[in-house]
Amino acid sequence: MLKNPQAGDSLPAIEKDIDQERIWQWAKLSGDFNRLHVDPGYAQQTSFKGTIAHGPMSLAFLNELMMDCFGNGWTEGGKLLDVRFVAPIRPGDRIRINGIVKEINKKEAKYYVECDLFIEKESGEKAVMGRGIGLFQAEEK
Amino acid sequence: MNFSSPRETEIGDKGTRVVNNQEKKPELVFTDLPLGRTFRPLEYAVTKDLVQEFMEVVGDRHPLYWDKTLAKPSLIAPPGLAAIYARLSYLQDHSMPSGGVLAKQEFEFHNPVLIGDILQVKAQVCESYLDEKGRRRVTFLIEAQSQEGQAVSTIRLYAIWPK
């Protein structure tokens with residue numbers, strides 16, 4: 001959980017290694033067996049020149065980050081906004097799921113902590129960008 | 001339909017993974033997606049096994065999913081499951097044509113999902129148009145609620161449709 005967050009603070013980043021096995025497991029979990037994700041031979045013939053991870057898996061990673069930061073303040077009023085997929089995540093990528101506190105607003109007994117969120121590769125290239133708003137009860141902050 | 005984790009795969013010759021049954025459903029094409037279209041509600045069972053599998057695949061092992069001493073009054077499900085049931089909500093009777101792009105997505109969480117809940121997930125087309133470049137733009141509004149009718153999540157999924 002975040003403790004006494006302030007604008008400009010970095011969120012506790014999460015790192016993941018993406019490989020074809022993990023993509024395959026997500027396909028089974030989600031039912032999304034699009035060949036672009038699970039068929040390397042097919043994917044090689046596309047403009048992506050290889051398989052890519054499912055976009056919703058990245059959404060799950062952003063949710064993980066916000067759960068780590070806000071717990072029930074994510075499941076009860078949290079918002080994940082304007083999440084865009086700006087570069088494909090590929091097998092072999094090590095990614096960092098991260099964020100920065102942008103602003104904090106208090107309404108009644110709750111603090112609304114707005115964060116810029118992103119998933120980036122080791123090269124620094126951003127793959128996913130968005131915003132999240134998590135909640136704290138006033139006595140928790 | 002009670003849909004949790006699909007298991008429609010097998011290992012084919014030379015270890016190649018083969019997907020069964022995935023292409024038997026008709027493709028959901030742009031002309032099937034006029035503004036206002038609704039889909040039959042998806043019943044999505046949030047079982048302990050599903051949550052366990054999600055934790056393993058994603059690596060999200062928040063203690064509220066498994067530690068009963070912390071999770072009061074009961075264990076909750078990872079909110080990231082919404083990324084899965086959102087997509088399934090409009091693909092129960094269709095397959096997704098190849099080449100689509102998930103352009104943007106938004107989630108709003110209202111109440112936690114408890115392990116054992118059976119969600120009812122409803123999808124509606126709230127935008128369907130050709131943009132200035134002739135791309136087929138479709139936006140779904142997806143709302144999930146618990147078996148008691150309590151709102152769980154609202155999702156907006158913005159896609160560029162392939163055909």
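Contact here means heavy atoms within 4.5 Å. Keep that in mind for chain B. This is a predicted model.

Let's start with chain B. Of its contacts with a separation of 6 or more, 68% join residues 24 or more positions apart. The secondary structure comes to two helices and seven strands. Read from the N terminus, the order is β-β-β-α-α-β-β-β-β. The chain has 163 residues, and 47% of them are buried. Its accessible surface is about 8100 Å². Carbon and sulfur atoms account for 49% of that surface.

Now the interface. How many residues does each chain bring to the contact? Chain B gives 38, and chain A gives 37. The area buried between the two chains is about 3400 Å². Of that, 60% comes from carbon and sulfur atoms.

On to the polar side. Twelve residue pairs are in polar contact across the interface, both partners at pLDDT 80 or more. Which elements of chain B each supply at least two residues to the side that touches chain A? They are β2 (17-19), α1 (48-58), α2 (82-88) and β4 (101-109). The largest share comes from β4(B), with eight residues. Between chain B and chain A there are two salt bridges. One of them pairs Arg87(B) with Asp32(A), at 3.3 Å from N to O.

Next, the core. The general point first: in soluble globular proteins, nonpolar side chains tend to be buried together. Here the largest nonpolar core has 77 residues. Five chain B residues have the most contacts inside this core: Tyr44(B), Leu81(B), Tyr85(B), Tyr90(B) and Phe140(B). But which element gives the most to the core? That is helix α4 of chain A, residues 55-70, with ten residues.

Stay with chain A and look at helix α1, residues 20-30. Eight of its eleven residues are buried, so the rest of the structure largely encloses this helix. Buried here means under 20% relative accessible area. The buried set includes two tryptophans, Trp24(A) and Trp26(A). Arg22(A) and Lys28(A) are buried too. The others are Ile23(A), Ala27(A), Leu29(A) and Ser30(A). Just after the helix, Gly31(A) takes a positive phi of about 80 degrees.

Last topic, salt bridges. Over all chains the count is 16. Take Arg94(A) and Asp17(A): their closest N and O atoms are 2.8 Å apart. This pair links distant parts of the chain. Arg94(A) lies in strand β3 (residues 94-107), Asp17(A) in strand β1 (residues 14-17), and 77 residues separate them. Are these two buried or exposed? Arg94(A) counts as partly exposed, at 34% relative accessibility. Asp17(A) is partly exposed as well, at 43%.

A second chain A bridge joins Arg84(A) and Asp82(A), at 3.1 Å from N to O. Arg84(A) is partly exposed at 40% relative accessibility. Asp82(A) is partly exposed at 25%.

Chain B offers a contrast. Arg137(B) bridges to Asp131(B), with the closest N and O atoms 2.9 Å apart. Both of these residues are buried. Back in chain A, salt bridges with shared partners join Glu15(A), Asp17(A), Arg94(A) and Arg96(A) into one network.

To close, two things to look at on the screen. Find β4(B), which gives the largest share of the side of chain B that touches chain A. Then find α4(A), which gives the most to the largest nonpolar core.

How values were computed
Residues numbered from 1 in each chain as written. Chains lettered and ligands numbered in written order. Predicted model: local features only at pLDDT ≥ 70, side-chain atom pairs only at ≥ 80, totals over all residues. Heavy atoms only, no water. Core = buried A, V, L, I, M, F, W, Y, C linked by side-chain atoms within 4.5 Å. Buried < 20%, exposed > 50% of the residue type's maximum accessible area, 1.4 Å probe, protein only. Helix = DSSP H or I, 4+ residues; strand = E, 2+ residues; numbered from the N terminus. Areas by Shrake-Rupley, 256 points an atom, 1.4 Å probe, with all protein chains shown as cover. Buried area = accessible area lost by both parts, 1.4 Å probe. Salt bridge = Lys/Arg side-chain N within 4 Å of Asp/Glu carboxyl O. Polar contact = N/O pair within 3.5 Å; in protein donor to acceptor, adjacent residues only side chain to side chain.
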